[in-house]
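Colleague: Could you walk me through how the helices and strands of this model fit together?

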Amino acid sequence: FEKLDDTMMKTYPTKVYRKRKKAAMVNDPGEVKEIQANVRTIPGIITQRGCTYAGCKGVVLGPTRDIVNITHGPIGCGFYSWLTRRNQTRPENETSENFMTYCFSTDMQDSNIVFGGEKLLKDAIQEAYDLFHPKAIAIFSTCPVGLIGDDVHAVAREMKAQFGDCNVFGFSCEGYKGVSQSAGHHIANNQIFKHVIGNDDSRSDSKFRVNLLGEYNIGGDAFVLEELFEKCGIELVATFSGNSSIDHFANAHTADLNLIMCHRSINYVAEMMEVKFGVPWTKVNFIGAEQSAKSLRKVGAYFEDPQLISRIEEVIAEEMLKTDEAAAKYRPGTEGKTAMLFVGGSRAHHYQDLFAELGMKTLAAGYEFAHRDDYEGRRVLPSIKVDADSRNIEELHIEKDPERYSQALQDRKAALMEKGMEFSDYEGMMAQMEKGALVIDDISHYEMEKLVEVYKPDVFCAGIKEKYAVQKMGIPLKQLHSYDYGGPYAGFDGAVNFYKEIERMVNTNVWGLIKAPWSTQSAMSAKYARGKH
Ligand code: CFM
Ligand code: HCA
């Protein structure tokens with residue numbers, strides 16, 4: 001890493017170097033150190049991050065099929081977030097609502113910026129209502145809306161009162177509202193909690209009822225998990241928000257346990273549900289066969305039901321036959337190979353388990369927009385400085401619901417904690433990564449190119465912005481956002497797909513035929529940040 005520090009970071013102007021250095025370190029799981037995260041990207045740097053609107057509308061609400069999601073803003077914002085994330089859905093039947101195939105936008109023009117866009121928004125909501133009579137309409141603010149001061153919440157209240165039979169609510173998720181998508185997650189969590197969760201108290205009489213939080217059904221992941229839960233006899237009340245319906249959210253508070261997949265994007269809902277309704281949460285990971293088995297066993301341990309536990313063991317044994325067989329088949333082609341993972345806020349951690357199952361080493365990893373707790377574990381939460389950017393995002397004040405709070409679930413949690421079961425915790429990425437691996441937050445495009453040049457990993461995992469730049473350097477890039485039109489990769493079936501795909505990628509001869517820039521141009525790095533300053 002010393003060499004890397006010289007070649008990668010030291011080419012930055014001094015001020016930039018000082019800042020970026022705090023966001024990169026050599027990992028030591030025994031002594032996890034403070035990493036800089038969730039701060040503004042330095043102007044001039046090419047970041048891989050997205051905006052707050054993307055995190056709210058695209059990520060958290062996008063996968064819900066029966067809410068009409070109206071983007072209040074210029075058409076590009078709505079178009080960009082229209083199904084590019086590959087979140088799939090499966091309506092209950094042919095006539096069930098599914099608005100995901102539509103892109104709703106107010107298509108704001110210059111005159112609306114000058115004279116205000118509230119009238120335009122009202123008209124759009126009315127039009128959507130007249131056409132579809134949906135259960136709910138959500139409004140998402142883009143940058144210009146905040147700048148001109150349209151009050152989307154007042155419009156939402158007015159339209160909701162006027163309709164009487166349609167839940168209308170807004171999100172102040174202007175792109176610039178926070179330093180990344182992460183602020184958008186928080187805003188989405190707040191509004192879903194305020195306007196939807198708890199609206200329906202009905203509950204089925206099945207014995208084991210859980211929610212899955214932070215699973216977005218990219219490439220069909222949620223379908224695999226739904227099937228797995230069903231096989232075990234566990235009812236999924238709601239998934240936030242893969243393959244979801246607003247009705248699932250409305251009675252999510254009746255579940256007995258919240259399982260958190262992606263901690264970054266949805267931990268706020270879990271926390272608020274626990275305070276208000278007493279539903280405990282625990283961290284799970286359904287990426288990789290080992291982790292999937294461990295996560296299922298956690299559910300068994302929670303309910304302490306011998307029949308459920310033995311059913312879960314049967315299912316694991318059956319599923320593991322498939323994954324063991326596939327690992328044995330593909331591992332000879334992957335053993336000892338190396339990977340780097342730079343993804344949003346949880347996959348850079350979770351997918352390391354899949355690589356480990358292939359005998360591959362993770363050389364470097366980092367998140368685009370996670371917070372220190374996603375790196376260092378939730379124990380650092382009290383020591384995280386709340387800066388002006390974070391203060392900009394509303395923290396809801398939640399209290400116990402006097403009627404619906406479940407003391408019984410809290411008592412169960414307390415008893416299980418006595419026995420060593422973990423709740424309300426996430427130990428973060430660094431504790432699990434090897435000593436000597438690199439951890440870099442909000443990696444810049446330039447740093448990424450340097451990493452590839454110096455370490456030449458066998459596969460680089462990132463997104464569409466990185467994909468072709470890295471591949472032109474002769475290194476295959478696996479998109480861990482969209483899965484490159486592949487997947488599912490979650491659960492046991494997903495693991496088999498992933499093993500196969502990675503074995504193919506790291507052994508494809510074509511990469512050797514590409515001349516990487518550094519093999520023809522000796523001073524590639526000079527083109528970037530060096531000099532001038
Ligand atoms: Fe969670 Fe996600 Fe991720 Fe994320 Fe995202 Fe995504 Fe991601 Mo792209 S919610 S943090 S904001 S796991 S869209 S499904 S792939 S960056 S690592
Ligand atoms: C987003 C969505 C994204 C982008 C992926 C990418 C996704 O952050 O707005 O950069 O390839 O998963 O679709 O993270």
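What follows is a short conversation about a predicted model.

Colleague: Happy to start with the sheet. Which strands stand at the edges of the open sheet of six strands?

Modeller: The sheet is open and has mixed pairing, with the order E1-E12-E11-E10-E13-E14. Neighbouring strands in this sheet are turned by 15° against each other on average, direction ignored. Each edge strand has a single partner strand, so one side of each is left without a neighbour in the sheet; these are E1 (24-26) and E14 (477-479).

Colleague: Which residue of E14 stands opposite Cys-461?

Modeller: Strand E13 (residues 459-462) pairs with E14 in the parallel sense, over three bridges. Opposite Cys-461, on E14, stands Lys-478.

Colleague: Moving along the sheet, how many bridges join E10 to E11?

Modeller: These two strands lie next to each other in the order of the sheet. One bridge pair is Ala-339 with Thr-362 in E11. E10 and E11 run parallel, and the number of bridges joining them is six.

Colleague: Is E10 mostly covered or mostly open, and how many of its residues are buried?

Modeller: Thr-338, Met-340 and Phe-342 point one way from E10, and these residues are buried. Ala-339, Leu-341 and Val-343 point the other way and are buried too. E10 is therefore mostly covered, given a cut-off of under 20% relative accessible area, and the count of buried residues is six of six.

Colleague: Which helix lies across E10, E11 and E13, and how many of its residues are buried?

Modeller: The helix spans residues 347-357 and runs at about 155° to E10. Its buried residues include Arg-347, His-349, Tyr-351, Leu-354 and Phe-355. After the helix comes Gly-359, with a positive phi near 75°. The helix is largely enclosed by the rest of the structure, because the buried residues number 10 of the 11 in H15.

Colleague: Now for the helix pairs. How are H9 and H12 oriented to each other?

Modeller: Helix H9 (residues 181-195) and helix H12 (residues 263-277) have axes that come within 7 Å and cross at roughly 30°. The crossing in which H9 passes H12 is right-handed. Angles under 35 degrees count as roughly parallel, so the two helices are roughly parallel.

Colleague: And how do the residues of that contact divide into nonpolar, polar and charged?

Modeller: On the H9 side the contact includes His-185, Asn-189 and Phe-193. H12 contributes, among others, Ile-266, Tyr-268, Met-272 and Lys-276. The residues of this contact divide into seven nonpolar, seven polar and two charged.

Colleague: Is H10 parallel or oblique to H14?

Modeller: Helix H10 (residues 221-232) packs against helix H14 (residues 306-334) with the axes 8 Å apart and an angle of about 130°. Leu-228, Lys-231 and Cys-232 in H10 meet residues of H14 including Leu-308, Arg-311 and Val-315. The residues of the contact divide into five nonpolar, no polar and four charged. The angle makes H10, relative to H14, oblique.

Colleague: One last residue: is Glu-319 buried or exposed?

Modeller: Glu-319 lies in helix H14. Leaving aside neighbours within four places in sequence, Glu-319 is in contact with Leu-228, Lys-231, Phe-492 and Asp-493. Its relative accessibility is 3%, so Glu-319 counts as buried.

Note on methods:
Residues are numbered from 1 along each chain as its sequence is written. Chains are lettered from A and ligands numbered from 1 in the order in which they are written. This is a predicted model: local features need pLDDT of at least 70, side-chain atom pairs count only at pLDDT 80 or more; totals for chains, interfaces and linings use all residues. Side-chain values use heavy atoms; hydrogens and water are left out. Axes are lines fitted to C-alpha atoms, for helices over the stretch in contact, and angles run from 0 to 180 degrees between N-to-C directions. Helices (H or I, at least four residues) and strands (E, at least two) are DSSP runs, numbered from the N terminus. Angles under 35 degrees count as roughly parallel, over 145 as roughly antiparallel, 65 to 115 as roughly perpendicular and the rest as oblique. A crossing is left-handed if the near helix is turned anticlockwise from the far one by less than a right angle, and right-handed if clockwise. Contact means heavy atoms within 4.5 Å. Ala, Val, Leu, Ile, Met, Phe, Trp, Tyr, Cys and Pro count as nonpolar, Asp, Glu, Lys and Arg as charged, and the others, Gly among them, as polar. Two strands pair if DSSP finds at least two bridges between them. Buried means under 20% relative accessible area, exposed over 50%, partly exposed in between (1.4 Å probe, protein chains only).
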